[in-house]
Amino acid sequence: MNLSAKPSRRSSAKPASKPNRQVEAARIPSSKAEPLCAGAVFLIALLLFSWTLAPTVTLTDSGELILVAQGLGVAHPPGVPLWVILAHLASLVPLGNVAVRINFSSALFAAFACSVLTLVVAELMITAAYLPARKKSVQPRKRAEGSSIDRLLVFAPALGAGLLMAFSRTLWSYATITEVYTLNALLILTVFFLMLRWRRCVTQTILASSFPARRAVTIHDSWLYAAAAVFGLALGVHHVTVGLTLPALAVIVYRTQGLKFFTSRRLLYAALISIAAMVAVYAYLPFAASRSSLINWGNPRSLQEIWWHITGRQYRVFLSFTPTMMGAQFVEFCRMLLREFGPAWLPLPLVFAFAGFATAYRQDRTTFWFLLFIVVANLAYDLSYEIAEDKDAYYLPVFISIALAAGFGIRWLIQLTTAKSISLGKSYGVAAIAVLLTSATAFTANWPFNNRRHYFIAHDYVENLLSAIESNGLLLTQDWQVASPMFYAQQIEQLRRDVKVVDANLLRRSWYFDYLRRTYPDLIERSREKIEMFVEDLKAWERDPAAFKSNALLTQKISTAFLEMIQSIVTNESGVGPVYITRDLLLPDTTNGEVTRWLSQNYQLVPQGLLFNLAKDSGFHDSPDVRLETRGLADGTVRFEQDDVVNLKILSAYTSMLINRGRYLAAFNQHERAIIAFQKALALDPNLAAAREGLAQSTAKLSNP
């Protein structure tokens with residue numbers, strides 16, 4: 001319904017008189033129970049998220065973000081300053097360990113997000129209750145019965161959608177760990193709520209007064225400007241997904257106040273409020289950088305550095321508009337969508353969402369276009385962005401839109417029962433069944449994957465790595481699943497501070513050398529000459545990467561300087577203590593290929609625990625077999641999808657290193673110990689052909705020496 005349209009476009013009937021409009025406005029369902037519904041959803045969601053909360057650090061960005069939040073540092077681009085400030089406050093609460101405190105803040109943000117989504121659906125239902133399409137949908141009823149149905153048409157969809165979002169795969173998964181996406185969802189939904197409340201107030205004013213439909217209604221603009229302020233703050237979390245909601249918000253504005261709004265001062269005021277809120281939040285970046293915090297990613301002090309950081313300059317390489325890549329991303333999205341609200345074989349919530357889109361198209365065209373533009377804008381960007389571990393979080397606005405549409409689907413089902421003159425009690429029963437079925441479908445399907453109450457995988461992984469390293473050893477890795485939780489283990493839990501952990505990929509960022517200088521000053525001092533030569537070239541590359549890309553000599557110069565720096569670090573540190581590498585440094589990689597070749601040609605790679613020890617000779621190096629703690633990895637207490645980082649990287653790291661250990665021991669006729677290593681690998685994954693083959697060969701050698 002476009003309230004800016006001319007009356008002649010609606011119908012040839014005479015416009016309603018002012019008293020009639022007041023009668024229509026009086027029929028709007030009371031919103032007194034909205035907070036009760038929202039409160040109920042909040043409590044259920046918070047209870048669920050708290051019960052399934054991870055007890056310590058998790059994989060991917062968790063370790064880095066916890067350290068940044070505790071020390072008020074600068075996180076990876078875009079810096080997420082608003083999240084850092086709020087998570088820092090959470091880290092000060094004297095309950096549990098630091099990881100649990102910040103994990104709980106994610107649960108709190110997610111519970112509030114579900115609560116606000118309930119309010120958003122209530123706003124949509126209340127507004128839809130008095131739009132013209134409603135008059136065609138139900139038969140006349142007694143006043144009391146009609147009032148009860150009107151309330152049911154609001155609160156059943158709101159409650160159902162709120163619970164559906166709480167039990168959804170993606171939001172629930174991020175509600176149990178340290179991440180920024182639950183706060184992002186909360187802020188996006190808050191903007192939606194404020195905009196839809198503004199729309200309802202304007203619509204009600206037009207219907208209940210003599211205002212022409214084309215006239216600007218400014219008395220409710222406080223809701224609009226509040227939405228603008230929250231939008232600006234939200235840009236200080238995950239600005240990409242927030243910015244992608246702008247087309248949908250523009251739909252609400254256009255359908256409510258027409259094109260003239262976009263040429264009025266009201267738009268200017270809203271834009272200025274958003275910009276002021278955004279600038280206030282991002283002012284945190286140079287402040288944090290000036291404090292020289294431990295994690296000072298990008299060191300954003302100048303305007304240019306701040307801009308590079310906010311715009312995620314280092315991630316632009318992941319954008320691709322090739323049909324092949326976008327097609328593959330779309331297939332991946334469909335797979336995620338089918339499991340988001342339940343099992344793929346029972347897409348009941350998606351059926352309700354489809355019915356909801358159809359109902360919105362018939363009854364509230366503004367809502368239909370609003371929901372559709374959320375989906376289209378989000379997919380247009382996400383399908384061109386190739387990212388691994390947290391890609392599902394980029395689809396959160398799409399999942400939010402689908403949950404909102406499912407609310408309309410529940411409304412459609414209730415309207416279907418009232419149209420067939422079913423009794424009021426049966427209508428309530430149908431509504432209750434719809435809410436319970438959609439919620440139960442999502443809950444039962446997602447509980448096994450999102451219950452992280454016994455999730456110690458990242459913590460155990462780090463401790464297993466450290467247990468294999470001798471005193472004053474150096475660990476060289478390029479695996480973020482090692483480096484990120486290691487930040488937490490060493491800097492917050494103070495585990496094995498004698499071990500020097502260096503991320504080869506982060507060595508390609510100049511800010512990382514400030515971290516190394518503060519954490520391992522002796523390491524920097526021992527290789528100062530080669531490090532300074534590389535950092536000089538690195539800073540030149542950071543200022544103008546295009547110059548290096550177009551100049552083969554410059555590219556060769558910086559590549560050589562990088563290799564010589566790695567060689568210097570490994571050589572010098574081997575004089576202080578043993579040097580270890582993770583298996584990822586030996587995988588085919590064009591980025592660090594020269595490093596891999598140099599390591600393989602100059603050292604014997606001795607499997608030791610989950611690491612390779614670099615030995616200068618080719619003889620047998622005996623070392624005690626490391627006891628590996630693998631809680632939750634393969635014991636069934638936590639389930640993982642095939643594309644989960646646990647299956648893709650962590651489990652394969654354990655099994656491949658156990659196989660490598662078995663082969664190494666077998667090569668030196670240590671077959672009894674080799675058999676144990678192969679058996680441990682098979683205990684984690686019984687389908688490993690290499691482990692079965694090694695086990696059979698070592699068993700045969702023992703039988704026939």
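## Close-up views of a predicted model

**View 1. Arg266 is buried, with a relative accessible area of 9%.** The structure shown here is a predicted model. Arg266 falls under the 20% cut-off, so the residue counts as buried. Its partner Asp221 is buried too, at 4% relative accessibility. The two side chains meet in a salt bridge, 2.8 Å from N to O. Arg266 belongs to helix H12 (residues 265-282) and Asp221 to helix H9 (residues 221-234), so this pair ties together parts that are 45 residues apart in sequence.

**View 2. Glu123 and Arg200 form a salt bridge.** The gap from N to O is 2.8 Å. Glu123 sits in helix H5 (residues 98-128) and Arg200 in helix H8 (residues 181-207), so the contact ties together parts that are 77 residues apart in sequence. Are these two residues buried or exposed? Both Glu123 and Arg200 are buried.

**View 3. A salt bridge links Arg339 to Asp643.** The closest N and O atoms are 3.5 Å apart. Arg339 lies in helix H15 (residues 323-340), while Asp643 lies in the loop between strand E5 (611-615) and helix H29 (645-667), so the pair ties together parts that are 304 residues apart in sequence. Arg339 is buried, at 15% relative accessibility. Asp643 is partly exposed, at 29%.

**View 4. Four residues are joined into one salt-bridge network.** Its members are Glu34, Glu123, Arg197 and Arg200. They are connected through salt bridges that share partners. Across the whole structure, a search finds 23 salt bridges.

**View 5. The largest nonpolar core has 222 residues.** Which element gives the most to this core? Helix H5 does, with 19 residues. Phe49 and Trp83 have the most contacts inside the core. Trp83 touches residues well along the chain as well as earlier ones, among them Leu65, Ala69, Ile102, Phe109, Leu183 and Val237. Thr178, Glu179, Val180 and Gly236 are also touched by Trp83. Residues up to four places away in sequence are not counted here. A general tendency fits this view: in soluble globular proteins, nonpolar side chains tend to be buried together.

**View 6. Nonpolar side chains also form a patch on the surface.** Ile85, Leu86, Leu89 and Leu92 make this patch of about 340 Å². Ile85 is found in helix H4 (residues 81-91). Its relative accessible area is 34%, which makes Ile85 partly exposed.

**View 7. Phe443 and Trp447 form a tilted aromatic pair.** A search of the whole structure finds 33 aromatic pairs. In this one, the ring centres are 5.6 Å apart and the planes are at 40°. The two residues are 4 places apart in helix H20 (residues 424-450), so about one helical turn separates them. Phe443 is partly exposed, with a relative accessible area of 29%. Trp447 is partly exposed as well, at 27%.

**View 8. Phe487 and Tyr515 form an edge-to-face pair.** Why is the pair edge-to-face? The planes are at 90°, with the ring centres 5.3 Å apart, so the pair falls in that class. Phe487 lies in helix H22 (residues 480-492) and Tyr515 in helix H23 (residues 511-519), so the rings tie together parts that are 28 residues apart in sequence. Phe487 is buried, and so is Tyr515. Both also belong to a cluster linked by ring pairs. Trp297, Trp480, Trp511 and Tyr512 complete that cluster.

**View 9. A cis peptide bond joins Pro77 and Pro78.** Its omega is about 10°. Pro78 is in the loop between helix H3 (62-71) and H4.

**View 10. Asn299 and Asn472 have positive phi values.** Neither residue is a glycine. Phi is near 45° in Asn299, and about 65° in Asn472. Asn299 lies in the loop between helix H13 (284-290) and helix H14 (303-310). Asn472 lies in the loop between helix H21 (457-467) and strand E1 (474-477). Asn472 is partly exposed, at 35% relative accessibility.

**View 11. Tyr381 and Gly575 are 50 Å apart in space, C-alpha to C-alpha.** In sequence, 194 residues separate them. Tyr381 lies in helix H17 (residues 365-382). At 22% relative accessibility, Tyr381 is partly exposed.

Definitions and conventions:
Residues numbered from 1 in each chain as written. Predicted model: local features only at pLDDT ≥ 70, side-chain atom pairs only at ≥ 80, totals over all residues. Heavy atoms only, no water. Buried < 20%, exposed > 50% of the residue type's maximum accessible area, 1.4 Å probe, protein only. Patch = residues over 30% accessible without salt bridge, like charges linked within 9 Å, V, L, I, M, F, W, Y side chains within 5 Å. Areas by Shrake-Rupley, 256 points an atom, 1.4 Å probe, with all protein chains shown as cover. Core = buried A, V, L, I, M, F, W, Y, C linked by side-chain atoms within 4.5 Å. Contact = heavy atoms within 4.5 Å. Phe/Tyr/Trp six-rings, centres within 6.5 Å; stacked < 30°, edge-to-face > 60°.
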